[in-house]
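Trainee: I would like to learn how to read a model feature by feature. Where do we start?

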Amino acid sequence: MNHYSIYWIKEEFAHHFFHNSEVLYRFIKEYQKNKNREDLKCQYEYITMDFPKSSLISHITNNHPNSSWMRAEGDRLNIYNDIQYISLHIQKKKINFRSEMIHDAEELLFPALRLFQPYLFIVGNDLNNYGWISPVTQRKKNEKGQVLYSYL
């Protein structure tokens with residue numbers, strides 16, 4: 001089984017790192033290797049959000065595919081159907097899960113997570129896989145209400 005971690009990234013950083021996801025991936029990997037480094041810990045705490053365990057479990061329970069079953073045990077959640085199985089462990093700052101293939105998570109888990117929060121970043125812990133669960137929409141901010149004109 002492959003092991004993955006999901007992080008809830010604060011909106012401003014999700015917008016900033018959406019097209020630079022390799023930088024975010026390298027940062028998370030560096031933090032995982034050096035959790036005792038205070039600078040990395042502070043940055044990690046600053047850019048990530050806490051997962052509200054009970055509301056997240058409730059949300060996944062209410063939004064999982066009808067063709068699957070669930071079993072919750074504390075901060076652990078198992079989602080499965082006849083041929084696929086995912087085991088989740090919800091921690092304060094990340095969700096760890098195991099599955100045979102990422103495709104299993106795409107069918108059993110990601111649809112519910114997309115409805116919960118759009119700024120979720122996934123990292124493969126056994127493989128060099130990473131990416132956003134949902135596309136991060138970029139809103140163009142025009143703070144002063146100015147319009148740009150082009151002359152030919």
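Mentor: We will go through salt bridges, two helices, the core and a pocket.

Mentor: First, the ground rules. This is a predicted model: local features need pLDDT of at least 70, side-chain atom pairs count only at pLDDT 80 or more, and totals for chains, interfaces and linings use all residues. Residues are numbered from 1 along each chain as its sequence is written, and side-chain values use heavy atoms, with hydrogens and water left out.

Trainee: How many salt bridges are there by the rule?

Mentor: The rule asks for a side-chain nitrogen of Lys or Arg within 4 Å of a carboxyl oxygen of Asp or Glu. The count comes to eight salt bridges. One of them joins Glu73 to Arg71, at 2.9 Å from N to O. Glu106 pairs with Arg114, and their closest N and O atoms are also 2.9 Å apart. Arg37 and Glu30 meet at 3.7 Å, N to O.

Trainee: Which residues are linked with Arg37 in a network?

Mentor: Glu30 and Asp39 are linked with Arg37 in a network of salt bridges.

Trainee: Are the partners Arg37 and Glu30 buried, exposed or in between?

Mentor: Use relative accessible area: buried is under 20%, exposed is over 50%, and partly exposed lies in between (1.4 Å probe, protein chains only). Arg37 is partly exposed at 35%. Glu30 is partly exposed at 29%. In the Glu73 pair, Glu73 has 44% and is partly exposed; Arg71 has 40% and is partly exposed. Glu106 is partly exposed at 33%, and Arg114 is partly exposed at 31%.

Trainee: Now a helix. Which residues of α3 are buried?

Mentor: Elements are DSSP runs, numbered from the N terminus: helices are H or I with at least four residues, strands are E with at least two. In α3 (residues 38-47), Leu40, Tyr44 and Ile47 are buried. They lie on the same side of α3 because they cover an arc of only 80 degrees around the axis. That arc is taken over the directions from the helix axis to the C-beta atoms. The face turned away carries the exposed Glu38 and Tyr46.

Trainee: What covers the buried residues of α3?

Mentor: The cover includes β1 (2-8), α1 (11-17) and α2 (21-33). Contact here means heavy atoms within 4.5 Å.

Trainee: And which residues of α4 are buried?

Mentor: Leu56, Ile57, His59 and Ile60 are the buried residues of α4 (residues 53-63). Their arc is only 160 degrees, which puts them on the same side of α4. Ser54 and Asn62 are exposed on the other side. Among the elements covering the buried residues of α4 are β2 (69-73), β5 (95-99) and α6 (110-116).

Trainee: Which residues touch the most other members of the largest nonpolar core?

Mentor: Such a core is a set of buried Ala, Val, Leu, Ile, Met, Phe, Trp, Tyr and Cys residues joined through side-chain atoms within 4.5 Å. The largest has 40 residues, and Ile6, Ile60, Leu88, Phe97, Leu109, Phe110 and Leu113 touch the most other members. Its largest share, five residues, comes from α2. Leaving out residues up to four places away in sequence, Phe110 touches Ile6, Phe97, Ile102, Ala105, Ile122 and Ile133.

Trainee: Last one. Which residues line the largest pocket?

Mentor: The lining includes Tyr7, Tyr31, Gln32, Tyr44, Glu45 and Lys92. α2 and α3 are the elements that give two or more residues to this lining. On a 1 Å grid over the protein atoms alone, a pocket is an open set of points where a 1.4 Å probe fits, with protein on both sides within 12 Å along at least five of seven lines; lining residues have an atom within 4 Å of a point.
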